[in-house]
Amino acid sequence: MTLHIDETDVELIALLKRDARAPVAELARKLGLARSTVQTRIDRLLEKGAIAGFTLRQGDGLAAPIRATVLVSIAPRTGPGVLARLRALPNVEAVVTVSGRADLVVELSARTTQDLDRTLDDIAEAKGVQSSESFIHLSTKIDRRG
């Protein structure tokens with residue numbers, strides 16, 4: 001069963017991305033809909049998986065000050081082992097598989113350069129990792145992740 005997302009759903013999702021704590025009554029007013037209609041739409045979007053949930057997004061005051069992206073190339077058939085190792089590293093925030101010269105993109109955060117260096121060493125030394133290339137984040141120019 002396919003979920004139909006209309007323009008009102010798109011607007012509702014955009015409002016929730018800006019402030020997931022916004023009261024349903026406020027969302028309804030901004031959308032020009034009844035509160036019950038907006039609540040029904042939110043419930044449907046949650047039930048169908050269009051919205052996976054609501055979470056806290058840390059501000060700069062809580063976020064680790066050092067962020068990095070690592071491109072990782074792995075040997076064939078070593079993916080599950082490498083992922084298990086990455087999952088065990090507390091500074092690893094996200095891992096995605098990609099096409100291209102690398103197999104994985106790993107997002108990291110660390111409190112100190114020493115902590116980042118240790119994590120990069122742990123990644124490079126993981127069985128199955130053939131190579132890695134690190135990019136230290138300097139500043140965020142655009143962030144639309146919500």
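Two strands count as paired here if DSSP finds at least two bridges between them. All views show a predicted model.

**View 1. Strands β2 and β3 form a hairpin with six residues between the strands.** Strand β2 covers residues 92–97 and runs antiparallel to β3. Five bridges join the two strands. One of the residues to locate is A94, whose bridge partner in β3 is E107. G100 of this hairpin takes a positive phi near 120 degrees.

**View 2. The largest nonpolar core of the model has 18 residues.** V72, L86, L104, V106, L108, L116 and I123 have the most contacts inside this core. Four elements each supply at least two of its residues: β1 (66–74), α4 (79–87), β3 (104–110) and α5 (113–125). Strand β1 gives the most, with five residues. In soluble globular proteins, nonpolar side chains tend to be buried together.

**View 3. V72 and its contacts from elsewhere in the sequence.** Neighbours within four places in sequence are left aside in this view. V72 then touches A102, D103, L104 and V106, and also I123, V129, S131 and S132. Of these partners, L104, V106 and I123 are also listed, with V72, as having the most contacts inside the 18-residue core. Apart from that core lies another, of 12 residues, which includes L15, V38, I42 and L45.

**View 4. Helix α1 crosses helix α3 at roughly 85 degrees.** Helix α1 spans residues 7–18 and α3 spans residues 35–47, and their axes come within 11 Å. The crossing angle makes α1 roughly perpendicular to α3, because angles of 65 to 115 degrees are classed that way. On the α1 side the contact is made by T8, D9, L12, I13 and L16. These residues meet V38, R41, I42, R44 and L45 of α3. By class, the contact of α1 with α3 has six nonpolar, one polar and three charged residues.

**View 5. Helix α2 packs on α3 at an angle of about 105 degrees.** The axes of α2 (residues 24–31) and α3 are 8 Å apart. This angle also makes α2 roughly perpendicular to α3. From α2, the residues in contact are V24, A25, L27, A28 and L31. Their partners in α3 are R35, V38, Q39 and I42. The contact of α2 with α3 divides into seven nonpolar, one polar and one charged residues. V38 and I42 appear in the α3 lists for both α1 and α2.

Notes
Residues are numbered from 1 along each chain as its sequence is written. This is a predicted model: local features need pLDDT of at least 70, side-chain atom pairs count only at pLDDT 80 or more; totals for chains, interfaces and linings use all residues. Side-chain values use heavy atoms; hydrogens and water are left out. Axes are lines fitted to C-alpha atoms, for helices over the stretch in contact, and angles run from 0 to 180 degrees between N-to-C directions. Angles under 35 degrees count as roughly parallel, over 145 as roughly antiparallel, 65 to 115 as roughly perpendicular and the rest as oblique. Contact means heavy atoms within 4.5 Å. Ala, Val, Leu, Ile, Met, Phe, Trp, Tyr, Cys and Pro count as nonpolar, Asp, Glu, Lys and Arg as charged, and the others, Gly among them, as polar. A nonpolar core is a set of buried Ala, Val, Leu, Ile, Met, Phe, Trp, Tyr and Cys residues joined through side-chain atoms within 4.5 Å. Buried means under 20% relative accessible area, exposed over 50%, partly exposed in between (1.4 Å probe, protein chains only).
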